[in-house]
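I am opening a notebook on a structure that is new to me, and I will write down each thing as I look it up. The entries go from one strand outward to the sheet, the chain, and then a few single places.

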Amino acid sequence: MAKVVALANQKGGVGKTTTAINLAASVALLGKKVLLIDADPQANATSGLGFDINLDGIYECIVGECKASDVILHSEDIKKLWLLPSSINLVAADTELSTMENAHHIIKGIVDSLRDNYDYIFIDCSPSLGFTTVNILTAADSVLVPVQCEYLALEGLSKLLNTIKMVKSRLNPELQIEGFVLTMYMRNKLNNQVVSEVRTHFGELAYETIIQRNIRLGEAPSHGKPIMLYDASATGATNYLSLAREFLKRNRNTHSKKE
Ligand SMILES: Nc1ncnc2c1ncn2[C@@H]1O[C@H](COP(=O)(O)OP(=O)(O)OP(=O)(O)O)[C@@H](O)[C@H]1O
Ligand SMILES: [Mg+2]
């Protein structure tokens, strides 16, 4: 049974998609069967893995036009990585989901039907705390929060934490926080201050691995590749592989291995 991990932060541009693509790819390269679900109408995870952003995907599954297993794509480059794509159609999901019967559990239904086939399912959320994101948090086992190393990084996180609390109390009591990943780190006083604030605030929930700002990470999506295939020697590749090892180590006891 797969563990389902949502990558969420309603703040835009903090590294959700970069982390989703490269963590999913790294975990797959380390031998686990991984599905990445692109749940953002921007479809950056879909294009970042080199796929067409006009195919049937998560939206068509939500409205019942297709079965997820029929629209999942296999990565050409990484044997154990699959993608459930997104497209601009997903902009309608917040409105459509809210009118459906069992509205909060639609994405959970889709995700649960896929759990048996993978070890980990990562879901890349859009920068919003709307109906679709709440649906995803209802479907997930845990939330991984990318935090950009910048001024006021912690500001806004309380809104996300409140949403997680609300989902936990009303919709999904088992929901956990997987951890906080610091992204786009540069060695300077301000960034070091953010790192220490996040560590003080969240303790062990903050990953030891810090993702540095690395130009190669910004270039890789335009080549449709995760960083380790675009430039294996880049700092970004080393950082994300290290994050994946730490992620798997943390899950060693709670999430048993399936070969
Ligand atoms: N560590 C990094 N070093 C350099 N550039 C990065 C890094 N992480 C992300 N970027 C770049 O920063 C931009 C925002 O990153 P990304 O798309 O991952 O954020 P996001 O949180 O998914 O954004 P959105 O909220 O719009 O979905 C992208 O152009 C990405 O390539
Ligand atoms: Mg994104």
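**Entry 1: strand β6 and its partners**

I began with strand β6, which is joined to strand β7 (residues 176-183) by seven bridges, the two strands running parallel. I note at once that this is a predicted model. Looking along that pairing for individual partners, I found Ser142 opposite Gln176 in β7, and I also found Leu144 opposite Gly179 of β7. I then looked up the pairing of β6 with strand β1 (residues 3-7), which is again parallel and runs over three bridges. Here Val5 is the residue that stands opposite Ser142 of β6. As for burial, β6 covers residues 142-148 and is mostly covered, with six of its seven residues buried.

**Entry 2: strand β2**

Next I turned to strand β2 (residues 34-39), where I counted six buried residues out of six, so to speak a mostly covered strand. I wanted to know which residues point which way from β2. Val34, Leu36 and Asp38 point to one side, while Leu35, Ile37 and Ala39 point to the other, and all of them are buried. In general, side chains in a regular strand alternate between the two faces of the sheet.

I looked up the partners of β2 as well. With strand β4 (residues 81-84) it runs parallel, and four bridges join the two; in this pairing Leu35 stands opposite Trp82. With strand β5 (residues 120-125), β2 pairs in the parallel sense over six bridges, and there the bridge partner of Leu36 is Phe122.

**Entry 3: the whole sheet**

In what order do the seven strands stand in the sheet? I read the order as β3-β4-β2-β5-β1-β6-β7, in an open sheet whose pairing is mixed. The edges are held by β3 (73-74) and β7, and because each of these has a single partner strand, one side of each is left without a neighbour in the sheet.

**Entry 4: the chain as a whole**

Stepping back, I noted twelve helices and seven strands in the protein chain. Its radius of gyration is 17 Å, close to the 18 Å that the globule rule gives for 259 residues, so the chain is as compact as a globular protein of that length. The C-alpha trace spans about 50 × 40 × 35 Å along its principal axes. I also wrote down that buried residues make up 46% of the 259 residues. Among the contacts with a separation of 6 or more, 77% are between residues 24 or more positions apart.

**Entry 5: the nonpolar core and helix α7**

The largest nonpolar core has 75 residues, and those with the most contacts inside it are Ala6, Ala24, Val34, Ile121, Phe122, Ile123 and Ala140. The largest share of this core, eight residues, comes from α1. I took Ile123 as one example and, leaving aside neighbours within four places in sequence, found it in contact with Val4, Ala6, Leu7, Ile37, Ala39, Ile136 and Ala140.

I then asked myself why helix α7 (residues 131-139) counts as largely enclosed by the rest of the structure. Eight of its nine residues are buried, and therefore the helix is largely enclosed. The buried residues of α7 are Thr132, Thr133, Val134, Asn135, Ile136, Leu137, Thr138 and Ala139; Ile136 in this list is also one of the contacts of Ile123.

**Entry 6: around ligand 1**

Which residues come nearest to ligand 1? Of the 20 residues around it, the nearest are Gly12, Lys16, Thr17, Thr18 and Pro127. Two elements, α1 (16-29) and α10 (215-219), each give two or more residues to this shell, and the largest share, three residues, comes from α1. Sorted by class, the shell has six nonpolar, eleven polar and three charged residues.

**Entry 7: Ala234**

My last look was at Ala234, which lies in the loop between α11 (227-230) and α12 (235-251). I counted 19 other C-beta atoms within 10 Å of it, and because a residue needs 20 or more to be buried, Ala234 is partly exposed. Not counting residues up to four places away in sequence, Ala234 touches Asn214, Arg216 and Ile227. I also looked up Ile215, which is 19 residues away from Ala234 along the chain, and the C-alpha atoms of the two are separated by 9.0 Å.

Technical notes. Residues are numbered from 1 along each chain as its sequence is written. Chains are lettered from A and ligands numbered from 1 in the order in which they are written. This is a predicted model: local features need pLDDT of at least 70, side-chain atom pairs count only at pLDDT 80 or more; totals for chains, interfaces and linings use all residues. A residue is buried if 20 or more other C-beta atoms lie within 10 Å of its own, exposed if 12 or fewer, and partly exposed in between; C-beta atoms are placed from the backbone. A residue is near a molecule or strand if its C-beta atom, placed from the backbone, lies within 6 Å of it. Ala, Val, Leu, Ile, Met, Phe, Trp, Tyr, Cys and Pro count as nonpolar, Asp, Glu, Lys and Arg as charged, and the others, Gly among them, as polar. Two residues are in contact if their C-beta atoms, placed from the backbone, lie within 7 Å. A nonpolar core is a set of buried Ala, Val, Leu, Ile, Met, Phe, Trp, Tyr and Cys residues joined through C-beta atoms within 7 Å. The radius of gyration is taken over C-alpha atoms; the globule rule is 2.2 Å times the number of residues to the power 0.38. Two strands pair if DSSP finds at least two bridges between them.
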